[in-house]
Amino acid sequence: MVTMKAMLVHAPDTLRRETAGKTQITLARQLAALRPRRLDGPEDALSHTLRTLAKRWQYLDAEAKELTKMIGDLVQRAAPQLLEPFGIGVDTAAEILVVAGDNPERIKSEAALAKLAGIAPVPTGSGMTSGRHRINHGGHRQLNAAIYRTVIVRMRFHQPTIDYVARRTTEGKTKREIIRCLKRYVIREVYHLLRPAPQTPHTAG
């Protein structure tokens with residue numbers, strides 16, 4: 001899509017006007033419908049390239065939607081409770097399940113999961129420290145990024161989180177420190193959602 005839009009800068013004025021302000025799907029549909037009959041000049045070559053790129057975008061877009069639906073079905077089947085908290089979408093829930101594996105009970109504590117995700121805080125220095133910590137750059141980076149996206153969504157749209165950010169800001173916390181705290185809170189939520197439910201013993205009839 002970026003390549004198509006960059007190439008449209010050099011397109012004829014008529015085509016630029018026709019494609020201005022289009023959504024991605026509408027733009028791809030219009031460009032895929034171009035019918036350059038011969039390659040007599042730069043404009044014909046440009047039309048052919050735009051048509052090829054648009055058809056490729058349509059194919060990849062359809063494939064991405066199909067895979068997203070498949071992943072969503074798998075998450076719903078494996079752990080639908082992961083989709084209940086605010087800000088945790090299918091992609092984040094899928095990443096959590098990938099990291100947890102088939103045996104989430106092997107993760108003995110929320111601190112262990114935080115360390116696995118690279119969210120456990122690390123002291124800013126060795127020996128005598130100031131009591132401040134920095135973000136851990138180790139752990140599973142894809143899970144870390146997924147939890148970060150959840151935190152950013154909550155900071156923008158989740159009123160309790162918005163209130164928390166305001167309160168911690170007045171206390172002198174930096175934005176990075178607040179994000180680190182929120183990531184730790186989300187990991188705590190996730191850990192309790194991943195814990196297998198206790199088995200209820202069956203009563204003999």
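How do the residues of the lining of the largest pocket divide into nonpolar, polar and charged? In this predicted model, the division is 12 nonpolar, two polar and one charged, and the legends below take up this pocket, a second one and a helix.

**View 1. The largest pocket of the predicted model has a volume of about 240 Å³.** Among the 15 residues that line this pocket, A78, A79, L97, G101 and L194 are the closest to its centre. Two or more lining residues come from each of the helices α4, α5 and α9, the last of which covers residues 175-194.

**View 2. The second largest pocket has a volume of about 170 Å³.** Its lining is made up of R154, H158, P160, T161, Y164, C181, L182, Y185, V186 and E189, and the elements that contribute two or more of these residues are α8 (159-170) and α9. With five residues, α9 gives the most to this lining. Sorted by kind, the lining residues of the second largest pocket are six nonpolar, two polar and two charged.

**View 3. Helix α4 runs over residues 42-78.** Because a helix is expected to advance 1.5 Å a residue, the 37 residues of α4 should span 54 Å, and the end C-alpha atoms of the helix are in fact 53 Å apart, which agrees with that expectation.

**View 4. Eight positions are a guide to how α4 sits among other helices, with L46, S47, L50, L53, A54, W57, G72 and V75 buried.** The buried residues of α4 pack against α1 (2-8), α2 (13-19) and α3 (24-32), and also against α5 (90-100).

How values were computed
Residues numbered from 1 in each chain as written. Predicted model: local features only at pLDDT ≥ 70, side-chain atom pairs only at ≥ 80, totals over all residues. Heavy atoms only, no water. Helix = DSSP H or I, 4+ residues; strand = E, 2+ residues; numbered from the N terminus. Expected span 1.5 Å × (residues − 1). Buried < 20%, exposed > 50% of the residue type's maximum accessible area, 1.4 Å probe, protein only. Contact = heavy atoms within 4.5 Å. 1 Å grid on protein atoms, 1.4 Å probe; cavity = no way out; pocket = protein on both sides within 12 Å on 5 of 7 lines; lining within 4 Å. Points joined across faces, edges and corners; volume = space filled by probe spheres on them. Nonpolar A, V, L, I, M, F, W, Y, C, P; charged D, E, K, R; others polar.
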